[in-house]
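Here is a set of short exercises to work through with the structure open beside you. Try each task before you read its solution.

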Amino acid sequence: MKHSIYGGIAALGMLALLGSPAFADEPIAPVASHEVGPLGAFGYDLTKLFPGGATNPNDGELVMGNVRHRVQHDGVTFLFATADAAETFGEQPDRYLPGGGGYCLLGLHRRATHAPHKGDMPPPGDPTARTFGDGRWYFHGGPGAEKIF
């Protein structure tokens, strides 16, 4: 019980930190170079994480996107399962983009607290390890890492 309370407090603190101006201008985390350019969210369709629309994250599932349905946003290519999903994202990308630019939440925390060298960026977050808060999904470094928060 003690760990879950501390974990909840840590998650709220991290969400407050990520909402601060220091993270507002972070670039979006590309995870790989792909034939279509830097690939965001590991190629998963971000709209499918919100089955009831951008305000309902419950029961969201991970669905791989298709290179035929892609949207370029801030120099990163996002893939979608359908043309409709790509259009939905293209109309309001900020509603679907993960918090912290899609970077690993713990990596962002360490970067903020350990004064890294200019230009050092944390690893991209993994959509299979995610936490929802403040209206956004936040990605972690890998499966199991979300339990830290």
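## Exercise 1: An aromatic cluster

Tryptophan 137 is a good place to begin: it has 11% relative accessibility and therefore counts as buried. The model is a predicted one.

**Task.** Find which aromatic residues form one cluster with Trp137, and work out the geometry of the pairs that involve Phe132.

**Solution.**

1. Begin with the total: 5 aromatic pairs are counted in this model.
2. Take phenylalanine 50 and phenylalanine 132. Their ring centres are 6.2 Å apart and their planes meet at 70 degrees; an angle over 60 counts as edge-to-face, so this pair is edge-to-face.
3. Now place the two partners in the chain. Phenylalanine 50 belongs to the loop between β2 (37–40) and β3 (66–73), while phenylalanine 132 is in strand β5 (residues 126–133); the two are 82 residues apart, and the pair links distant parts of the chain.
4. Turn to phenylalanine 132 and tryptophan 137. Here the centres are 5.1 Å apart and the planes again stand at 70 degrees, so this pair is edge-to-face as well.
5. Put the members together: Phe50, Tyr96, Phe132 and Trp137 make up one aromatic cluster.
6. Check the exposure of the phenylalanines. Phenylalanine 50 has 4% relative accessibility, so it is buried, whereas phenylalanine 132, at 31%, is partly exposed.
7. Finally, look for a charge over a ring: arginine 130 lies over the face of tryptophan 137, 4.9 Å from the ring centre.

## Exercise 2: The faces of two helices

**Task.** Which residues of α3 are buried, and where do they lie around the helix axis? Then repeat the analysis for α5.

**Solution.**

1. In α3, the buried residues are Ala85, Ala86 and Phe89.
2. Viewed down the axis of α3, these buried residues fall within an arc of 100 degrees, so they line one face of the helix.
3. A reminder helps here: an α-helix has 3.6 residues a turn, so residues three or four places apart point the same way.
4. Look at the other side of α3, where Asp84 and Glu91 are exposed.
5. Ask what the buried residues of α3 pack against: the partners are β3, β4 and α4 (93–96).
6. Move on to α5 (residues 105–113), where Leu105, Gly107 and Leu108 are buried. Their arc around the axis is only 160 degrees, which puts them on the same side of α5.

## Exercise 3: The nonpolar core

**Task.** Identify the residues that touch the most other members of the largest nonpolar core, and the elements that each supply at least two of its residues.

**Solution.**

1. The largest nonpolar core has 15 residues, and those touching the most other members are Leu46, Leu49, Phe78, Phe80, Phe89 and Phe139.
2. At least two residues of this core come from each of β4 (76–80), α3 (83–91) and β6 (136–140).
3. For background, nonpolar side chains tend to be buried together in soluble globular proteins.
4. For the chain as a whole, 42% of the 149 residues count as buried.

## Exercise 4: Strand neighbours and positive phi

**Task.** How far apart are leucine 39 and threonine 77, in sequence and in space? Then decide whether alanine 41 and aspartate 74 are buried or exposed.

**Solution.**

1. Leucine 39 is in strand β2, and with a relative accessible area of 7% it is buried.
2. Leucine 39 and threonine 77 are separated by 38 residues in sequence, yet their C-alpha atoms are 4.9 Å apart.
3. Alanine 41 is in the loop between β2 and β3. Its phi is positive, about 55 degrees, although it is not a glycine.
4. The relative accessible area of alanine 41 is 7%, so alanine 41 is buried.
5. Aspartate 74 sits in the loop between β3 and β4. Again a residue that is not a glycine has a positive phi, here about 50 degrees.
6. Aspartate 74 has a relative accessible area of 63%, so aspartate 74 is exposed.

## Exercise 5: The chain as a whole

**Task.** How many helices and strands does the chain have, and what pattern do they follow?

**Solution.**

1. The count is 5 helices and 6 strands.
2. Along the sequence, their pattern is α-α-β-β-β-β-α-α-α-β-β.
3. Among contacts with a separation of 6 or more, 52% are between residues 24 or more positions apart.
4. The accessible surface of the chain is about 8,100 Å², and carbon and sulfur atoms account for 54% of that surface.

Note on methods
Residues are numbered from 1 along each chain as its sequence is written. This is a predicted model: local features need pLDDT of at least 70, side-chain atom pairs count only at pLDDT 80 or more; totals for chains, interfaces and linings use all residues. Side-chain values use heavy atoms; hydrogens and water are left out. Buried means under 20% relative accessible area, exposed over 50%, partly exposed in between (1.4 Å probe, protein chains only). Helices (H or I, at least four residues) and strands (E, at least two) are DSSP runs, numbered from the N terminus. The arc is that of the directions from the helix axis to the C-beta atoms. Rings of Phe, Tyr and Trp (its six-membered ring) pair if their centres lie within 6.5 Å; planes under 30 degrees apart count as stacked, over 60 as edge-to-face and the rest as tilted. A charge sits over a ring if NZ of Lys or CZ of Arg is within 6 Å of the ring centre and within 35 degrees of the ring normal. A nonpolar core is a set of buried Ala, Val, Leu, Ile, Met, Phe, Trp, Tyr and Cys residues joined through side-chain atoms within 4.5 Å. Contact means heavy atoms within 4.5 Å. Accessible areas come from the Shrake-Rupley method with a 1.4 Å probe; for residues, only the protein chains shown count as cover.
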